[in-house]
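Here is a short report on one protein chain and its ligand. Look at the picture, then read on.

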Amino acid sequence: MNKKSMTQTSKFLSLVLRHQPEAAGITLDSHGWADVPALLGGMTAAGCPVDTALLEEIVRTDEKQRYSFNAEHTKIRANQGHSVKVDLNLRPVAPPEFLWHGTASRFLDSILREGLKPMSRQYVHLSPDTGTAEKVGSRHGRPVILQIAAQQMAQDGYLFYQAENGVWLTDTVPPQYIMNGCELRRESSSDDERR
Ligand code: HQG
């Protein structure tokens, strides 16, 4: 299978495992697991033919390690990114001093006012490095990178989790923990340029 059709199959797989299991006529259990035979049958019936070998290849080669099998490879789930409510059994972990969030410049005003919210997903997603954050932000438009005082948040009682694939998750980031907020606001303000 060529890379383009594999990407398309992977996108449908993400949709099913994170957002709309009903698109393949299946259900997820409370921990987000789908039954592999049901998934293969359901995706194929929905016009996206996939067999065990292809599913194994998608999971193995996914550049973001988006999916995991159980030990027997009879079940599969997405490692993060869900909008359906699932309990991934994540245990709180101490974060590094700083984490990063890539977003688009047009969201900046709202984010600096209200903080980071999970929007349609279960958690706010944070990156361990600026390079990853920049890629995440570029998906939405002109990227801006927010520096998050994660360790300070943890000291103040906020919980952090790390998904199977290294992505950091937390419920919300209030604006005072966005370290470079002032700087970004200054950069994005055209008034400032005129001074
Ligand atoms: C923004 C991808 C206005 C937030 C990535 C983001 C990631 C606000 C957008 C994963 C806001 C939501 C998640 C507020 C947050 N006002 N906008 N108060 N608070 N936002 O896609 O973090 O390829 O749901 O900044 O790599 O971009 O799918 O979240 O721009 O790991 O595997 O609202 O998804 O992975 O967008 O991305 P998203 P995200 P996959």
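Start with what is missing: between domain 1 and domain 2 the count of salt bridges is 0. On the domain 1 side that touches domain 2, there are 3 charged residues, 3 polar residues and no nonpolar ones. Keep in mind that this is a predicted model.

**The two domains**

Where do domain 1 and domain 2 lie along the chain? The domain assignment places domain 1 at residues 3-78 and domain 2 at residues 99-184. Their centres, taken over C-alpha atoms, are 27 Å apart. Domain 1 gives 6 residues to the contact, and domain 2 gives 4 residues.

How much area do domain 1 and domain 2 bury between them? The value is about 310 Å². Carbon and sulfur atoms carry 40% of that buried area. Polar contacts do occur here: 2 residue pairs make them across the interface of domain 1 and domain 2, both at pLDDT 80 or more.

**The ligand**

Now turn to the ligand. It is surrounded by 18 residues. The closest are Arg18, His101, Thr103, Ser110 and His140.

Some side chains place a polar atom close to a ligand atom. The table lists three such pairs, with the distance for each.

| Residue | Ligand atom | Distance |
|---|---|---|
| Ser110 | nitrogen | 2.5 Å |
| Glu114 | nitrogen | 2.8 Å |
| Arg139 | oxygen | 2.9 Å |

Ser110 and Glu114 each have a polar side-chain atom paired with a nitrogen atom of the ligand. For Arg139, an N or O atom of the side chain pairs with an oxygen atom of the ligand. How much of the ligand's accessible area does the protein cover? On its own, the ligand has 790 Å² of accessible area, and the protein covers 89% of it.

Key
Residues numbered from 1 in each chain as written. Predicted model: local features only at pLDDT ≥ 70, side-chain atom pairs only at ≥ 80, totals over all residues. Heavy atoms only, no water. Domains from an automatic or database assignment. Contact = heavy atoms within 4.5 Å. Buried area = accessible area lost by both parts, 1.4 Å probe. Salt bridge = Lys/Arg side-chain N within 4 Å of Asp/Glu carboxyl O. Polar contact = N/O pair within 3.5 Å; in protein donor to acceptor, adjacent residues only side chain to side chain. Nonpolar A, V, L, I, M, F, W, Y, C, P; charged D, E, K, R; others polar. Near = heavy atom within 4 Å. Areas by Shrake-Rupley, 256 points an atom, 1.4 Å probe, with all protein chains shown as cover.
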